[in-house]
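Student: I would like to go through some labels used for this structure. Please set each value against its definition.

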Amino acid sequence: MKRFKTAERRLTLCMTDELFTQAYDTYKNTVYSVIFNYVKNTDDASELAQEAFIRLYTNTEGFSSDEHLKAWLIRISINLCKNHLRSRKHISDSPIPDDIPAESSFEHNDLLPYVMELPEKYRIPLHLFYYEDLSLKQIAGILKLPEATVKTRLNRGREKLRKSLRREDWDI
Amino acid sequence: MNFGSEYKKEVDKLCSDSIDTTADEIMKLAKERTSGQNITVKKKPKITFITKTIAAAAACLVVSGTAVYAMESGSLSNMFRNLFHDEISAELVEEGHHQQLDQTVEQNGCTVTFYGITGDRSQLKVLMDIRIPESEINNRTNKLGVMALFMPEEQHKGDLTDAGHFYAEAKADSEDPHLYRVELPVHPDFYPNDDGVFCDEFILDVRILERFEGYRYLDDLHYQDLYIKVKVPQEIFDDAIYKFPNVAFTIDGVRYNLNCAIYGAYDTDLQFKFKVGGTKYDAPYSSSDDFYHAVNPDWFRLASGAVLNVDGEEYRIIDGEDQNFACGIPPFTDCDPDAFMLFPHIDYKSAQIITLTIDGQTATLKYAPSIVNSTEKRQTNIN
């Protein structure tokens, strides 16, 4: 992971284009992937990711560290997703016909379709744990859940994943 | 194969295939917004994961609000005790920590009878029966997995596609091949909603029955109308005590801080943090899994030898590595990993002295000797 230099750690109201570009390059996958995990389609994920970064660019608060910035971006992304799903705007204008198998668009992906079939409450902690390498405490802070709940959901998510993969050779 | 590293590769590829917006374009959009111009968010063709379609059987719903067996709490506790050998739940019921449900719902010949619910505020257990019609009985089916929702009504009215399900294996009745007994653990969301209101009404909804032949999964049966509304004020359930002892054990150069201890009705969950910088675990790790494999054998060994002493009575960890594990992230991310130990339930309130011993080191988690003993101790010190 790229890290901000010490002198640049605190992003302020006067965020420069250079700092924003650095943040975008560093965290675009973080923002896009967590949003995709919620909305499960690339179109909505792209729109919401753009919105998250627009909010970063126009943000008037500072960040004490790159971890703070990252956590803020993830939190903003999750809030955007929840608002989006709540407003039902995620219903596609041109839905994909049901006869197209889900895996056809991701024929080279072995795992992603299985992760996407997990319930959201297991899918998001698993994503933050395995993709972002966040600790239970960090995940708990971002999702506003007790650590014990995150731990339970991670365990149950792993169990369900093992079951759905039905392959013994995955080390989850 | 390593799940973590493969998953990262696939997500990275998805991102590189999908993200076609530059930082410059975002900044332009942001500047347009702040200057009051209309923004057109850049769009691209949609790719969607089609979630497994739930085949909605034609609903034939019969909800009965009347008591089925008009059960007393005594019979509820006996069911926990005799059918599931769950003495803890049985005692919680007998202590009054329960809610009778006594309702039956039916869809397409499948009947679910909800008897009652008990537990502490960190986890509840629902007792129910499921009767499967002859038409759904597969000759090879000898086990059922039950997946159910437990959530506020408002949430239940929304999109349930990705809703989290609670899971339990049902026990086949020894005499009736159509009858399955279920003790379903659920975690109540006893937290305030966005308006700061604590929810105490939930929907309990049996959605999916998984059929098994032994340990081999056969198929799923899907239902949409096997649900009831339950009112479960958290006050009626046993308290779960959260303590933050902040004691530490240094073992083989690694300092493990016990940050939180949750004393629940079913178990005692001890949650640690530890640092790896400058220790034998201080090494480059390519993934959390690599780190897990490096630290977990040692942690499980420590956990297996750990002793929780409550007024002289010794307790050992319960369950295996699934519940007594260390995990976290590679140290280059500056975050401390977690480690957990799960002991049996203890009576924290009435305990006077609780100590935890790991690898020969003992820390005191509670010291509240009786007044007489305290007085005696003070006098001894004075003398």
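Student: Why is the contact between Lys280(B) and Asp252(B) called a salt bridge?

Tutor: A salt bridge is a side-chain nitrogen of Lys or Arg within 4 Å of a carboxyl oxygen of Asp or Glu. In Lys280(B) and Asp252(B) the distance from N to O is 3.3 Å, so the pair fits the rule. This is a predicted model, where local features need pLDDT of at least 70 and side-chain atom pairs count only at pLDDT 80 or more, while totals for chains, interfaces and linings use all residues. Residues are numbered from 1 along each chain as its sequence is written, chains are lettered from A and ligands numbered from 1 in the order in which they are written, and side-chain values use heavy atoms, with hydrogens and water left out.

Student: What makes Lys280(B) partly exposed?

Tutor: Its relative accessibility is 47%. Buried means under 20% relative accessible area, exposed over 50%, and partly exposed in between (1.4 Å probe, protein chains only). Lys280(B) therefore counts as partly exposed.

Student: Which side chains meet in a salt bridge at 3.1 Å?

Tutor: Those of Glu153(B) and Lys229(B), N to O. Glu153(B) is in helix H5 and Lys229(B) in strand E10 of chain B, 76 residues apart. Helices (H or I, at least four residues) and strands (E, at least two) are DSSP runs, numbered from the N terminus. Glu153(B) has a relative accessible area of 28%, so this residue is partly exposed. Lys229(B), at 42%, is therefore partly exposed as well.

Student: Are Lys273(B) and Asp338(B) buried or exposed?

Tutor: Both are buried. Their side chains meet in a salt bridge of 2.9 Å, N to O. The two residues lie 65 residues apart, in strands E14 and E18 of chain B.

Student: How many salt bridges does the rule give over all chains?

Tutor: The count is 21.

Student: How do you know what counts as a cavity?

Tutor: On a 1 Å grid over the protein atoms alone, a cavity is a set of points where a 1.4 Å probe fits but cannot get out. Grid points are joined across faces, edges and corners, and a volume is the space filled by probe spheres set on the points. The search of the whole structure finds 4 cavities of 30 Å³ or more, and the largest holds about 80 Å³.

Student: What makes a residue part of the lining of the largest cavity?

Tutor: Lining residues have an atom within 4 Å of a point. Among them are Tyr24(A), Phe53(A) and Asp20(B). H2(A) gives the largest share, 4 residues.

Definitions and conventions: 1 Å grid on protein atoms, 1.4 Å probe; cavity = no way out; pocket = protein on both sides within 12 Å on 5 of 7 lines; lining within 4 Å.
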